[in-house]
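User: Hey, I've never looked at this one before. Can you walk me through it?
Analyst: Sure, let's pull it up and start with the basics.

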Number of protein chains: 2
Amino acid sequence: MRRLPLTLLAASLILAVGTASAATQTTIPAAAVKAAEQLRDKAMNDNTSYQIVESLTTEVGPRLAGSPADQRGREWAIAKFKALGFDKVYTEQVTYPLWERRSEHAEIVAPFPQPLTLIALGYSSGTPKGGLTADVVRFDSLDALKKADPASVKGKIVYVDARMQRHKDGQDYAIGSAIRVGGPVIASKMGAAAFLLRSAGTDANSRTPHTGVTGFKDPKEAIPAAALSNPDADQLTRVLAHGKPVSIKLELDCGISGTYTGANVIGEFTGKKHPDEVVAIGGHLDSWDPGTGAIDDGAGVAIAMAAAKLIGEMPQRPDRTIRVIAFANEEMGLWGGRAYADKHGAEVAKFQLGTESDFGARKVWRMSASVKPEARGAIEQMAQVLAPIGVAYDAKRAGGGGSDLSQMHAKGMAALSLTQDGTDYFDFHHTANDTLDKIDPKELAQNVAVYAAFSYMAAQANGDFGSAPGAFANDGAEE
Amino acid sequence: MRRLPLTLLAASLILAVGTASAATQTTIPAAAVKAAEQLRDKAMNDNTSYQIVESLTTEVGPRLAGSPADQRGREWAIAKFKALGFDKVYTEQVTYPLWERRSEHAEIVAPFPQPLTLIALGYSSGTPKGGLTADVVRFDSLDALKKADPASVKGKIVYVDARMQRHKDGQDYAIGSAIRVGGPVIASKMGAAAFLLRSAGTDANSRTPHTGVTGFKDPKEAIPAAALSNPDADQLTRVLAHGKPVSIKLELDCGISGTYTGANVIGEFTGKKHPDEVVAIGGHLDSWDPGTGAIDDGAGVAIAMAAAKLIGEMPQRPDRTIRVIAFANEEMGLWGGRAYADKHGAEVAKFQLGTESDFGARKVWRMSASVKPEARGAIEQMAQVLAPIGVAYDAKRAGGGGSDLSQMHAKGMAALSLTQDGTDYFDFHHTANDTLDKIDPKELAQNVAVYAAFSYMAAQANGDFGSAPGAFANDGAEE
C-alpha cells in the first residue's frame with residue numbers, strides 16, 4: 001500500500017457538477033441498481049474472498065517480488081482465476097530490479113552490548129562482510145536530518161526516531177513513509193555510513209519491525225538501511241539518553257542482484273455488449289516477506305477476485321468487461337502498476353471506471369470519486385446502494401484508484417477510492433504479523449459487497465465516467 | 001516464572017487456626033502496622049522500582065544464564081545494591097549446565113515451501129549441520145502424544161498443538177508448560193526426530209514464539225525442540241489440513257557446551273535486634289534471551305530492591321534483617337533457588353517469612369500464606385494494611401514463596417504468595433516482547449508497596465511464622 005500526502009479535491013470540480021446538462025448525464029438503469037443490491041446482499045454472506053486469501057497465504061505464503069515464491073504466486077493466481085470460472089486469464093510481463101534479502105543482524109556494541117531487532121528496507125545495500133560498526137547520530141524528524149551539518153553525519157549511522165499514531169485513515173503513514181523513502185537517500189547524500197529509522201508502524205509494543213521500500217534509484221547511491229521495531233527504537237533512544245557515544249554493528253546481507261521479469265496476472269469476465277470497455281479492479285499479488293501478505297495485499301486480490309466471480313455467476317455477462325488485475329511488485333515501486341499504465345495508457349478511454357484494494361481487510365467506510373461532472377449522478381446512485389453497508393460518500397474528495405491503478409488514473413482513468421478502516425492497518429503492515437489471523441471474514445465480505453455492487457453498476461451504466469487521456473490531471477487524488 | 005498445577009491447601013491447616021492458643025499468637029505491634037501503612041503510601045508514589053528495571057533492561061538487556069550478559073547482570077546487581085545503600089552486598093556461587101543458543105531457522109519444505117518463525121527451547125539439542133528434514137505428525141494434546149503408537153512417531157517431527165487462553169491467574173500455563181517441559185522428553189523416548197509445540201503463550205496474533213525450558217535432564221536424551229509462534233502454529237495446522245505429507249526442515253544451532261558458575265547476588269539491610277533472622281524477598285536476575293527480561297523478571301528484582309530500600313531509608317534498621325536475593329538461572333531449572341536452599345536449608349528456622357516476585361509487573365490482587373496457625377492473626381494484620389491497595393487475602397490457599405524461594409519453602413520456610421494480575425503475562429512471557437514498555441510504573445509501585453509493607457511487618461513481628469525444617473511439607477503450594 002502506497003499513500004502520498006493528501007491534497008483536497010479542487011473545488012472547481014464540485015462546482016462543475018451543478019452546471020452539467022441533464023442531456024449528457026451518465027445514469028445506472030434501475031434494473032442494474034436492483035441487481036447490484038442483490039449482489040451486495042449475496043456478497044455479505046459469501047465466504048469466497050476469505051477462502052481465496054486463506055489459499056494464497058497458506059499455499060504460497062510470503063511473496064517477495066522476484067523470489068521463488070513470486071512465481072508460485074503467479075501460478076496460484078492463474079489457477080485460481082481458472083477455478084473461479086473467469087472467461088479469460090492471461091499475464092503481462094513486468095520487469096524490475098531484483099532485490100534480495102538474505103539475512104540481517106544488529107547489535108549495540110557500546111556502551112551497553114545487546115542485540116537489536118531490525119529489518120532491512122527495500123533497495124538497501126548490504127554491509128561489508130563482517131559488518132559495519134559506527135556511532136549513531138539521532139534525529140527526531142526528517143526535517144532535523146535535512147538541516148543537519150553534513151560533517152556531523154559523515155561516517156555515522158543516521159537514526160530518525162519519529163512515532164506514528166493510529167488513525168482511521170492512516171494519515172500518519174505520510175510521516176513514516178516519507179522518512180523511510182526519503183531518509184536513506186538524504187543520509188546517503190550527506191555521507192552517512194548507514195540509515196536506521198523507528199519503524200513506520202503503530203504497534204508501539206511489538207518487536208516486529210516494518211520493512212518497506214526506500215527511495216534509492218541507483219544501487220550506487222544505496223547505503224545499508226533498516227527499520228528498528230518500536231520497542232527497539234525505544235531502547236536505542238534510552239541508551240542514547242545516557243549521553244555516551246553509542247556504537248552499533250550492522251550486518252545486512254541484501255541488495256540488488258540483477259533484473260527479474262515477473263508478470264501482472266489478469267482475469268476477466270467478458271462484457272456482452274462492450275467487451276472492449278473495462279471496469280478495472282484488483283490488488284497486488286506480491287507481498288513483503290516477513291509476513292504472509294494477508295492484509296497487504298492478499299485481501300485486495302481476494303476482494304477483487306470474489307467480487308468479479310459473483311458478477312460472473314449472474315445469468316448473463318455484464319454489458320462491459322470486469323477485469324481483475326493481480327499486480328506484480330507493487331511494494332518496491334509500483335512496478336506492476338507502471339508497466340500496466342505504460343502498456344494500456346493509450347487506451348485509457350476504454351477504462352470505464354477503476355479502483356484497487358490495497359489498504360487492508362477492514363470495512364470500507366468512505367467512497368470518493370474522480371469522474372466527469374456528468375457522471376456524479378451515477379456515483380450517487382452507487383453511493384445509495386453502498387450506504388446500507390456503512391459506506392459514506394464524500395463528494396468533496398478525489399478518487400485515486402488505489403496504488404497500482406493510480407497509474408492508470410494518472411493517465412486519465414476515472415477512478416474511485418474505497419477507503420477501508422485503517423486504524424490498526426499500520427500495526428501489521430510490512431511486518432511478520434501480516435498474517436491471515438488479522439482478517440475478519442465478515443469485514444472482508446463487506447469489501448466484496450462494495451466491489452461487486454459498484455463494478456456491476458459501472459459495467460451497466462448508460463454513459464461513461466469521463467475517462468480520457470489526461471482527464472484527471474492534478475485532481476489532488478491521494479493515492 | 002514457574003508454576004505447577006494447583007493443589008488446594010489442606011483443610012486441616014485452616015481448621016488448625018481455630019485451635020491455636022491466644023498465648024502463643026504472633027502479632028504485629030501497632031507501631032509497626034502504622035509504619036507499614038506509611039511505607040505503603042510512600043511506595044505508591046515512588047518511582048525507584050521503575051528506575052531499577054529500566055536500568056537493568058537498558059544497560060544489561062537480555063540476560064541468558066551463562067551468557068556474557070549474565071556476568072554483566074551480576075556486576076549491575078552488585079553496583080545497584082551498593083548505590084541503593086544496602087548494608088551488605090555479597091554473592092553465592094551457583095553452578096549449572098551451560099546451554100547456548102546460536103541460531104535457529106525452520107521452513108516448510110513441502111507441500112507449500114515457506115519459512116516458519118520458531119525459537120529453540122532450553123536444553124534443546126542442535127540439529128545436524130545442514131539441518132534435519134522430516135515429516136510432521138500433529139497431536140492436539142500431551143495426552144494424545146502419550147497414547148500414540150511409537151511407530152507413528154519414530155523419525156518424525158512431533159508437533160503438539162494446544163492453545164492457552166488468558167486468565168487472571170495464568171492457569172492455562174499449566175497446560176502449556178506441561179507440553180513444553182514434558183513433550184520433548186516423551187517424544188524423544190518414542191524415537192521422534194524433533195519436537196515442536198504451539199507456543200505456551202496467549203498472544204494469539206503475534207509472531208513472537210515463546211521459549212522456555214524442557215525437561216531434558218541428560219544431553220544424551222535431548223532432541224531438537226522448539227516453539228512456533230501462534231500464527232505459525234495456525235499456519236502449520238492449516239497446511240496439515242490439506243491432508244498431504246508435510247515436511248519441515250529444522251536448523252537449530254544450540255546445545256549444552258559445558259558447565260558455568262554464576263551466582264545469586266544478595267543485598268541486605270541488617271536487623272537491629274535479630275540480625276540473624278531474615279525476611280527473604282527477591283526475584284531472578286537471569287532472563288530468557290529474545291526479550292530484555294522486563295516482566296520476567298527484571299520487575300521482580302526491582303520490586304524487592306525498591307521495597308527493601310524504602311525500609312532501609314527509615315530512621316532505624318528493622319528488628320530483623322531484610323534480605324533481597326537476585327537469583328541466578330531460574331529459567332533453566334531453578335538453579336539459583338535450589339543452590340540457595342541447599343546452602344541455607346539447614347538454617348530455615350531463621351527465615352521469618354519469604355516470597356519472591358516472578359509473575360510480572362501488574363498489580364498484586366491476592367495474598368495467601370503458609371504459616372503456622374498461631375501466625376494467622378499477623379497475616380490478617382498484613383492483609384488489613386494491603387486491602388486498601390487492592391490485595392484480597394485468601395485464607396484458604398497456601399503460600400508458595402514464589403519460584404526460587406519455593407525451594408526454601410519446601411525446606412520449611414513460612415511463605416506468602418503475592419499474586420499479580422497475570423491476564424496478559426503470557427502474551428509476553430519468554431518472548432522478544434518482554435520489554436520495558438510492558439511495565440506500568442504505577443502498577444509496579446503498587447507491588448513495591450505490598451512488599452515493603454509486609455516485609456517490614458514480618459521483620460517487626462512479636463513471634464515467628466512457623467519456619468522449621470519440614471514445617472510446610474505437602475501444603476499444596478502452587479509455586
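**A first look**

Analyst: Chain A has 14 helices and 14 strands. Keep in mind that this is a predicted model.

User: How does the radius of gyration of chain A fit with that of a compact globule?
Analyst: It agrees: a compact globule with 479 residues would have a radius of gyration near 23 Å, and chain A has 23 Å.

User: And what box do its C-alpha atoms fill?
Analyst: Roughly 75 × 45 × 35 Å for chain A, taken along the principal axes.

User: OK, on to the two chains. How many residues of chain A are in contact with chain B?
Analyst: 31 residues of chain A, and they touch 31 residues of chain B.

User: How much area do chain A and chain B bury between them?
Analyst: About 2,200 Å², with 50% of it on carbon and sulfur atoms. On the chain A side, A:Thr58, A:Arg207 and A:Arg238 supply 26% of the area buried against chain B, more than any other three residues.

User: Which elements of chain A give two or more residues to that side?
Analyst: Helix H3 (48-59), strand S2 (114-116) and helix H8 (230-241) of chain A. The largest share comes from H8(A), with five residues.

User: What's the mix by class there?
Analyst: The side of chain A that touches chain B has 11 nonpolar, 12 polar and eight charged residues.

User: So how many salt bridges are there between chain A and chain B?
Analyst: Zero. What you do get across that interface is 18 residue pairs in polar contact.

User: What rotation superposes chain A on chain B?
Analyst: One of 180°, with 0.0 Å of shift along its axis and an RMSD of 0.0 Å. That's the relation of a two-fold axis.

User: And why do you say the copies meet through the same surface?
Analyst: Because 100% of the interface residues of chain A are also interface residues in chain B.

User: Back to salt bridges. How many does the structure hold over all chains?
Analyst: 50 over all chains. One of them joins the side chains of A:Asp289 and A:Arg101, at 2.5 Å from N to O.

User: Where do those two sit in the chain?
Analyst: In distant parts of it, 188 residues apart. A:Asp289 is in the loop between strand S9 (274-284) and helix H9 (294-312) of chain A, while A:Arg101 is in strand S1 (residues 88-110) of chain A.

User: Why would side chains pair up like that?
Analyst: Side chains of opposite charge can pair when their charged atoms come close.

Conventions: Residues numbered from 1 in each chain as written. Chains lettered and ligands numbered in written order. Predicted model: local features only at pLDDT ≥ 70, side-chain atom pairs only at ≥ 80, totals over all residues. Heavy atoms only, no water. Contact = heavy atoms within 4.5 Å. Buried area = accessible area lost by both parts, 1.4 Å probe. Salt bridge = Lys/Arg side-chain N within 4 Å of Asp/Glu carboxyl O. Polar contact = N/O pair within 3.5 Å; in protein donor to acceptor, adjacent residues only side chain to side chain. Helix = DSSP H or I, 4+ residues; strand = E, 2+ residues; numbered from the N terminus. Nonpolar A, V, L, I, M, F, W, Y, C, P; charged D, E, K, R; others polar. Least-squares fit on C-alpha atoms with pLDDT ≥ 70 in both. Rg over C-alpha atoms; globule rule 2.2 N^0.38 Å.
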